[in-house]
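Dear colleague,

I am passing on to you the structure we spoke about, and below it I have written out what was found when it was examined. Please keep the picture open beside the text as you read.

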Amino acid sequence: MEIVCPAGTPASLRAAVKAGAHTVYCGFADETNARNFPGLNFDRTEMREGIAFAHKHGAKVLIAINTFPRAGAEAIWHAAISDAASSGADAVILADLGLLDYAAQNHPELRRHLSVQAAAANADMINFYASTFGVKRVVLPRVLSVPEIAAINAETEVETEVFVFGGLCVMAEGRCSLSSYATGKSPNMNGVCSPPSHVDYREDAGVLEARLGGYLIHSAAKGEAAPYPTLCKGAFTAGGKSGYLFEDPVSLNAEQLIPQLHKAGVTALKIEGRQRSASYVAQVVQNFRAAVDALAEGRPMPAGMLAQLSEGQAGTTGAYRKIWR
Amino acid sequence: MKLTVGPNQFFWKADDWSAFYDDLAQAPVDHVSLGEVVCSKRLPFFQDRIPDAISALQAAGKTVALTSLALVTLKRERKMTAELAEMGVEVEVNDLTALAHLPDGMAFSVGPLVNVYNESTLRWLAGRGATRICLPPELPLESIATLAVAAREAGADVEVWGFGRVPLAISGRCYHARLHARPKDNCQFACEDDPDGLPVLTRDGQPFLAMNGVQTLSDSHACMALQAGALAQAGVTSLRLSPQTGDFGRVCTLFRGLLDGRLAGADVVAALHADNEEMRLSDGFVRGARGADWSGAVPA
Amino acid sequence: MQPRPLAITMTPALLAFALRPLPLPPLSIALTALTRSVAKRHPSLFRRLGSYATASFVLDPTDLPFVICLFPDATRPRVTLHRTAQQGDTRIAGPLAALLGLVHGAFDGDALFFSRDLVIEGNTEAALALRNAIDDAELDIGAELQALSGPFAGLLRRATAVAQARTGVCLTRPDNGGYT
């Protein structure tokens, strides 16, 4: 199986490739990609150099242009598509209907993947994107169980890629405005969720309070882990009950499900984390590469090694097991 | 400008559902989209009431559309969605799965849960047969204005979320079931107890969101009463009002009065607050720093 | 990568005590010279900071008796040391070993933050921009010291050699590129 690894910076790209990534995904340093954080991403020169480095080492590079172009400013996204093509990218990852149409019309030779931001959660929709825009691979939304993924693969020729490690969206991606409701910045429009520019930490008597846009999202007592205040992983109160009403501050770790995902017909395993450090990326990539190599050689999966890298130090298999719902 | 009433987002008892649409037939609105948009498990409880509601609304001179689900994953949901095209009623696409089943060129509406953020997407949908497009609620006025121009050129109507709790997210997970520690497949319809959604507060007591099964809504009610003029000027052709309990006919009448120039925006706001002083309003997505902001707020 | 559980060396109290009477102005000038040398050798680091290149960062090694103020301004970066708490756009506090481990890619910033070994106050976005920019630069403070010439190079090299020997805090980037 193919391991698809995050690279927020050229250093991470090199680290991922050296650690055994088959494929790296990254984005331009602007609002065209869904990890538009300060200090991250690639300018045009860095992208060309990064792709050359990866190709020299036998790895592929996918460029995520997966926000929804702003009305009146589509030229920024069109330029990103053209530059991806001329830099030698192996594919672009797109979510917007208009942008998919633009890419299919103007750069038909550039391979198109459907971003998780398009939330294509069933075979009908996936086949629609394939027949209409020539999409070759779909990144499945994190709302599906393994049997549902198998059912999708049975009904489509489109390759499927699934998230196996890292941050976990509880909501269908590309369909969520929680962040812009609280901060004015959204994944769809600005490429950021729960942006750091609107985060306020305050420590008082050992209690660390994290607010987003003024809303209290999380408070950690002395000695407790302090998750980043991502909206959907906050602690709230409803119906007289308090707690993590949407999702616990956990991150996805489907390492042990790799054999089942393989059996379900999945082509590629995706690791989240373009905002994490090069050293983190390298370690996660090494682990997953070892796991798929073991699978290919018929050896058992190595035991879980990645717990300490996870948010809140706890992992979940997310929607892959149906009970999550 | 015209008034549209969107599909009820909540789970109501079938009799309440029917009574709502009986009343709505008398309300001064132009277009009604109905059906189940949030959770396919709710539909069996009221689907036999849908034909009568459609007849009553059409008899009262309103145009009617049937909505698709917002997130289609299960086999029976795909079947349901495929069958929508054969109902003989206009379809409101709220998930592109529905579009996959519509014959090319058949006229349809696009609901607020489809991502129409730019002219290319709007034109592409209009080319496929979209004649009415309700924009995503998070769009700012500048984008709305640009899209309204593109819509006029493409011959489509453009609609904006005008009143009601804003749909902010949809998930595979049911939060009502999670709150009651039940698996989704045995949810026992926990969401039925909250006909306007269950308020979600921050731990220090600030109202923030509302829970509605697999959907998450805003605590505040979006209200375009103070933006109607700007939206009309931008070329928006209709406002969407979202069903809720209470005297919804009065909400429709207030907005009709506003669009006809008989009521000022401030009058509508005052009347809404007179009916429900607890209700928080917002119009920040259209014109504010963030969605939760309210342009009518008195500066502290 | 950090072992489990997270083991971050704390600078011994004795060394912290020994550093107390150290005259800060010469160290400030020396560190400014070092930062300017880094800026010249890694221009992309400052480019990555974007609009935060003009921000002020307070770096607080909580086990040392002083705080470091960094003004990264691309043309004339400046570093000053202070014995009292300082105001800046953002404050990043943690044991010296954690701060250096971040620079050397031996620790992941998010992981340090989740475990509360690192505390961020003020402008969180600025702190993240600095973290991301430094991570990409793959700095080796040892190599940067070697590259530094001029009047302060000797002083800094001697001071850091002593500090490294006394604390066990590593001042060079691990050979394996920061990960194991």
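Before the first finding, one term is needed: two residues are in contact if their C-beta atoms, placed from the backbone, lie within 7 Å. Please also bear in mind that this is a predicted model.

With that in hand, we can begin in chain C, where helix α6, made of residues 124-137, lies across the strands β1, β4 and β5 of that chain and runs at about 60° to β4(C). Those strands belong to an open sheet of five strands, in which the order is β3-β2-β1-β4-β5 (chain C) and the pairing is mixed. The edges of this sheet are taken by β3 (78-82) and β5 (119-122) of chain C, and because each of them has a single partner strand, one side of each is left without a neighbour in the sheet. From one strand to the next, the twist averages 20°. Within the sheet, strand β1 (residues 57-61) and strand β4 (residues 90-94) of chain C pair in the parallel sense over five bridges, and if you would like one pair to look for, C:D60 has C:A93 in β4(C) as its bridge partner.

Chain A has a parallel arrangement that is worth following strand by strand. Five of the six residues of β3(A) are buried, so this strand is largely enclosed by the rest of the structure. Strand β2 of chain A, residues 23-26, pairs with β3(A) in the parallel sense over four bridges, and here A:Y25 stands opposite A:L62 in β3(A). To get from β2(A) to β3(A), the chain crosses through helix α2 (residues 44-56) of chain A, and this β-α-β crossover is right-handed. β3(A) also runs parallel to β4(A), to which four bridges join it, and A:L62 stands opposite A:A91 in β4(A). Here the chain crosses from β3(A) through α3(A) to β4(A), in a β-α-β crossover that is again right-handed.

Helix α4 of chain A, residues 97-106, has as its buried residues A:L97, A:G98, A:L99, A:L100, A:Y102 and A:A103. What covers them includes, from chain A, β3 (60-65), α3 (74-86), β4 (91-94), β5 (112-114) and α5 (123-133), together with α5 (119-128) of chain B.

There is also an open sheet of three strands in chain A, with the order β8-β9-β10 and antiparallel pairing. Its edges are β8 (199-204) and β10 (215-220) of chain A, each with a single partner strand, so one side of each is left without a neighbour in the sheet. Neighbouring strands of this sheet are turned by 20° against each other on average, direction ignored. Strand β9 (residues 207-212) of chain A pairs with β10(A) in the antiparallel sense over five bridges, and the bridge partner of A:L208 in β10(A) is A:A220.

How do the chains meet? Of the two pairs of chains that touch, chains A and B have the most contacts between them, and 53 residues from chain A and 49 residues from chain B take part. On the side of chain A that touches chain B, α4, α5, α7 (178-183), α8 (187-190), β10, β11 (236-238) and β12 (241-243) each supply at least two residues, and the residues of that side divide into 29 nonpolar, 15 polar and nine charged. Strand pairing also spans these two chains, since β11(A) and strand β8 (residues 198-202) of chain B pair in the antiparallel sense over two bridges, with B:L201 in β8(B) as the bridge partner of A:T237.Chain A also meets chain C, and there 30 residues of chain A are in contact with 33 residues of chain C. α10(A) gives the most to this side of chain A, with five residues, and the residues of the side divide into 17 nonpolar, 10 polar and three charged. No contact joins chain B and chain C, whose closest C-alpha atoms lie 18 Å apart.

Finally, chain B taken as a whole has 11 helices and 12 strands, and buried residues make up 55% of its 300 residues. A compact globule with 300 residues would have a radius of gyration near 19 Å, and the 18 Å of chain B agrees with this.

With kind regards

Technical notes: Residues numbered from 1 in each chain as written. Chains lettered and ligands numbered in written order. Predicted model: local features only at pLDDT ≥ 70, side-chain atom pairs only at ≥ 80, totals over all residues. Rg over C-alpha atoms; globule rule 2.2 N^0.38 Å. Buried ≥ 20, exposed ≤ 12 C-beta atoms within 10 Å, placed from the backbone. Pairing = 2+ DSSP bridges. Axes fitted to C-alpha atoms, helices over the stretch in contact; angles between N-to-C directions. Nonpolar A, V, L, I, M, F, W, Y, C, P; charged D, E, K, R; others polar. Right-handed = clockwise from strand over helix to strand, strands pointing away.
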